[in-house]
Amino acid sequence: MKSTRLQWCFLCQHHRLAALELPGLCLALLLLAGPLECQESRAAEAINLLSYIAVDYGAAVQGGRVVDEALYRRQRRDIAGALELVRRLPDRPGRDTLESRLLNLDIAVANMRPGEEVRRLANGIADRLASLYQLPRSPVEALPAAAEAAPMYATYCASCHGEAGRGSGAAPPLNDLARMGSFSLYDLYNKLDPSVTPSHAAIAAGNGLDSRQRWALAVAVANLAVADIPPPPVEMARRYPNLTGLPGLATVRPVELPDEVASALLWWRGHPRQASALQHPLARAEGLLQVAETTYRAGDSVTAYRRLILAYRQDYLPLRATLTQRDPPLANQLESGWQVLRELILDDAPSAEVIAAFKQLRETLGRAQTRLQVVAPQPPGYWLAALLFSGALSLGLLLWWALRRRSRV
């Protein structure tokens, strides 16, 4: 009876959530919407400026001297702009450190330090800024396929960036692996917000894009850079599972990884559906919970709840019966963890309790994943290749046995 009740809670009750269970949360969010949106917009704009500094500085300064004066001056202005935006954010422990790091970045650029050093400084500040102000950098749901954004790319991007992302005099290419590898998928998503990147005012002229459309367009842009690259070996997904799902797929920059791993991430983020299929379902659920916790810390309890439900329904529920058969106590503990976290969010419990419940549930999911030892689905052709390999191996062993027997005779 208890299991049936819990399943009803997650699969049915959430459909009437807005009407019955979240009016208090929604009202609170409406009251806070102005300050929260302003804070998020300023942080996103600062991160956008920092990402351009990280990517383009190497084209402005080479060998300790300025080779593009106009670009160099713009980068100095961008640092000043990012510093002003940070100073306008709410004061928190750690904001002074951010300001200090931005001043160090300005000194490094003024002294024309090597591009690698400036890139690491700028990206480090951007990541710290996102963490300090709990800026959500992953989508609410699974990343859309690149094909979903094809009409949007033709409408908003092709006139400047070219039909296949080859670029033009008006805009840089989008199929340049080296340049695109310096952006995270979130960086690309962030640049599609006209309020953050004024050069994309054409999007605003078309009444803007919602969050899902921007993520789809970011994936489509990422896909252009890997159009001629084959998919990485399946083994890469097993070695680096955090890069085939959220939040890693959205937040990690390929340039920060070894070449082999960077190439794999470039392909995975351009093909998020195929990448997700390589990930263990409970690993996907754990990643969604991590994203939900970040969203909750940022003050958005409604979206955090949606991600919690999505992780339960999409990735955990199909494996619940198997886990119950294999380890009933662990299954009960995991079921209780989902319910406790759900009720804490709905009851507007103290943040410390909710965050502790997130951590406990993720740890339990990790143990369940080890206990189940489910093999992730393989891409098309994988099992055929495995079958052919096994056949060749069997044939080789048969020939070896025959030759050995013949030599004995």
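How many disulfides does the count come to? In this predicted model, the count comes to zero disulfides, and the close-up views below begin with two of the cysteines before turning to aromatic rings and the charged ends that sit over some of them.

**View 1. Cysteines C157 and C160, without a disulfide between them.** The cysteine sulfur closest to that of C157 belongs to C160, and because the two sulfur atoms are 8.6 Å apart, they are too far from each other for a bond, given that a disulfide requires the sulfur atoms to lie within 2.5 Å. Seen from the other residue, C160 likewise takes part in no disulfide, its nearest cysteine sulfur being that of C157. C157 counts as buried because its relative accessibility is 7%, whereas C160, at 32% relative accessibility, counts as partly exposed.

**View 2. The tilted aromatic pair of Y186 and Y189 in helix α10.** Seven aromatic pairs are found when the whole structure is searched, and one of them joins Y186 to Y189, whose ring centres lie 6.1 Å apart with their planes at 35°, so that the pair is classed as tilted. The two tyrosines belong to helix α10 (residues 185-191), where they are three residues apart and therefore separated by about one helical turn. Both Y186 and Y189 are buried.

**View 3. The tilted aromatic pair of Y296 and F358, from distant parts of the chain.** Here the ring centres of Y296 and F358 are 6.3 Å apart and the planes meet at 50°, so this pair, too, is tilted. Y296 lies in helix α17 (residues 281-297) and F358 in helix α20 (residues 351-372), so that the pair links parts of the chain that are 62 residues apart. Y296 counts as buried because its relative accessibility is 9%, and F358 is also buried, with a relative accessible area of 0%.

**View 4. The aromatic cluster of Y186, Y189 and W215, with R214 over the ring of Y189.** The two tyrosines of View 2, Y186 and Y189, form one aromatic cluster together with W215. The ring of Y189 also has a charged group over it, namely the charged end of R214, which sits 4.0 Å from the ring centre.

**View 5. The charged end of K191 over the ring of Y52.** In this last view the charged end of K191 sits over the ring of Y52, at 3.5 Å from the centre of that ring. Helix α10, which holds Y186 and Y189, spans residues 185-191.

Conventions:
Residues are numbered from 1 along each chain as its sequence is written. This is a predicted model: local features need pLDDT of at least 70, side-chain atom pairs count only at pLDDT 80 or more; totals for chains, interfaces and linings use all residues. Side-chain values use heavy atoms; hydrogens and water are left out. Buried means under 20% relative accessible area, exposed over 50%, partly exposed in between (1.4 Å probe, protein chains only). Rings of Phe, Tyr and Trp (its six-membered ring) pair if their centres lie within 6.5 Å; planes under 30 degrees apart count as stacked, over 60 as edge-to-face and the rest as tilted. Helices (H or I, at least four residues) and strands (E, at least two) are DSSP runs, numbered from the N terminus. A charge sits over a ring if NZ of Lys or CZ of Arg is within 6 Å of the ring centre and within 35 degrees of the ring normal.
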